[in-house]
Amino acid sequence: MKKRLLMLVLVFSSFLCFSQTLVGARLFLVPNFVTGGNIVAENDLYSLIYTYGILKQEAEDVVNTSRSNFAVGAEAYLQVGITPKIAIEGTVGITSNQGYTTDISVDTEEGKETISSYERKFKTIDFSVLGKYTFAKSSMGYLSAFLGPKLSYTGKSISEGIFINAENTSVQEYEPFQNKFLFGVKAGAEAAITVANKTLVTVNASGFYDFTPVFKEEIIGEWFSNAVGNRLGFYIGIGIAYSLK
């Protein structure tokens, strides 16, 4: 029995000797998608007319509504090789400018002109533990795919308000309407190119989906919570990594 355990330890140790350990950082652009975006944008138009009285009722027939938000993010990570092809990667990062922004615009000769916006923004601190498989690897770099669970912490980061112009805005900080913890899954692929001794530049593309709805139904209402739904989006990033061995 002791000999078998010793043999397993030796085999595992030999794998680690030939496996790569990386530490690095990435910057991301994060286009976010959620269900019901157009429905919420139309509802915001009605709110600006009937609830807040900022727009006249005639505006329903002449204005356009669209939902926008383009988040940005950054993360640090540690990748530990288990075998020459399999690794575990732990990440921690932050993603800002998430949520809903409904743009109210009119058509002009120069194109669409935004006349007001209804913004709901929040940021998250993101954690993930990913299983990573390397398809190809050489002294020039590697190509890999990954999959694993993702946890985002929103805290009290939501900001909501109506923006007419620079001189006429109404922004408030609220107790969090969104769920404090968003559980989900993350998957994607990464390519890395060696640029110097033990230093690599990486290009990363990944998608994510939350199993937890963005907003709390008991606070924001069943309709809005269901209309917003769950976060669904992707990361497009570039980074740098350093090989510890």
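This passage walks through the fold, the buried charges, the nonpolar cores and a surface patch of a predicted model.

Starting with the broad picture, the protein has 245 residues, and 42% of them count as buried. Its secondary structure comes to eleven strands and four helices. Contacts reach a long way along the chain: taking pairs at least 6 apart in sequence, 70% join residues at least 24 apart. The accessible surface adds up to about 13500 Å², with carbon and sulfur atoms accounting for 64% of that area.

Strand β4 is a handy place to begin with the strands. On one side of the pairing scheme, β4 runs antiparallel to β3, and ten bridges join the two. The β3 and β4 strands make a hairpin, with four residues between them, and within this pairing V80 sits opposite I88 of β4. β4 also pairs with β5, again in the antiparallel sense, this time over 21 bridges. Here the hairpin connection runs through two residues. One of the matched positions is T95, whose bridge partner in β5 is T124.

Then there are the charges. The structure holds eight salt bridges. One of them pairs R26 with E89, with the closest N and O atoms 3.0 Å apart. R26 belongs to strand β1 (residues 21-34) and E89 to β4, so this contact ties together parts of the chain that are 63 residues apart in sequence. Neither partner sits out in the open: R26 counts as buried because its relative accessibility is 3%, under the 20% cut-off, and E89 counts as buried too, at 2%.

E89 has a further partner in K132, and these two side chains meet in a salt bridge at 2.8 Å, N to O. K132 lies in β5 while E89 lies in β4, so the pair ties together parts that are 43 residues apart in sequence. K132 is likewise buried, at 3% relative accessibility.

A salt bridge also forms between K186 and E75, where the closest N and O atoms are 3.5 Å apart. This one links distant parts of the chain, with K186 in strand β9 and E75 in strand β3 (residues 70-81), 111 residues apart. K186 and E75 are both buried. How do these pairs fit together, and which residues do the salt bridges join into one network? Through shared partners, R26, E75, E89, K132, K186 and E190 are all joined into one network.

Next along the chain from K186 is A187, also found in strand β9. With 32% relative accessibility, A187 counts as partly exposed, because that value falls between the 20% and 50% cut-offs. A187 and K132 are 55 residues apart in sequence, yet 9.6 Å apart in space, C-alpha to C-alpha. Leaving aside residues up to four places away in sequence, A187 touches F146, L147, S206 and G207.

Away from the charges, nonpolar side chains gather in cores. The largest nonpolar core is made of ten residues, namely V40, Y100, F122, I158, F177, V214, F215, F224, A227 and V228. The biggest contribution to this core comes from helix α4 (residues 222-228), which gives three residues. Apart from it lies another core, of eight residues, including L48, V63, I104 and I162.

Not every nonpolar side chain is tucked away, though. V92, I94, I125, F127, Y153, F181 and F183 make up a nonpolar patch on the surface, and together they have about 600 Å² of accessible area. Which strands supply at least two residues each to this nonpolar patch? They are β4 (86-108), β5 (111-138) and β9 (181-196). I94, one of the patch residues, is found in strand β4. It counts as partly exposed because its relative accessibility of 41% lies between the 20% and 50% cut-offs.

Put side by side, β4 carries both a buried charge and a piece of the surface patch: E89 in this strand is buried at 2% relative accessibility, whereas I94, also in β4, is partly exposed at 41%. Strand β9 likewise holds K186 of the salt-bridge pair with E75, and β9 supplies at least two residues of the nonpolar patch.

Notes: Residues are numbered from 1 along each chain as its sequence is written. This is a predicted model: local features need pLDDT of at least 70, side-chain atom pairs count only at pLDDT 80 or more; totals for chains, interfaces and linings use all residues. Side-chain values use heavy atoms; hydrogens and water are left out. Patches are made of residues with over 30% relative accessible area and no salt bridge: like charges are joined within 9 Å, nonpolar side chains (Val, Leu, Ile, Met, Phe, Trp, Tyr) within 5 Å. Accessible areas come from the Shrake-Rupley method with a 1.4 Å probe; for residues, only the protein chains shown count as cover. A salt bridge is a side-chain nitrogen of Lys or Arg within 4 Å of a carboxyl oxygen of Asp or Glu. Buried means under 20% relative accessible area, exposed over 50%, partly exposed in between (1.4 Å probe, protein chains only). A nonpolar core is a set of buried Ala, Val, Leu, Ile, Met, Phe, Trp, Tyr and Cys residues joined through side-chain atoms within 4.5 Å. Contact means heavy atoms within 4.5 Å. Two strands pair if DSSP finds at least two bridges between them.
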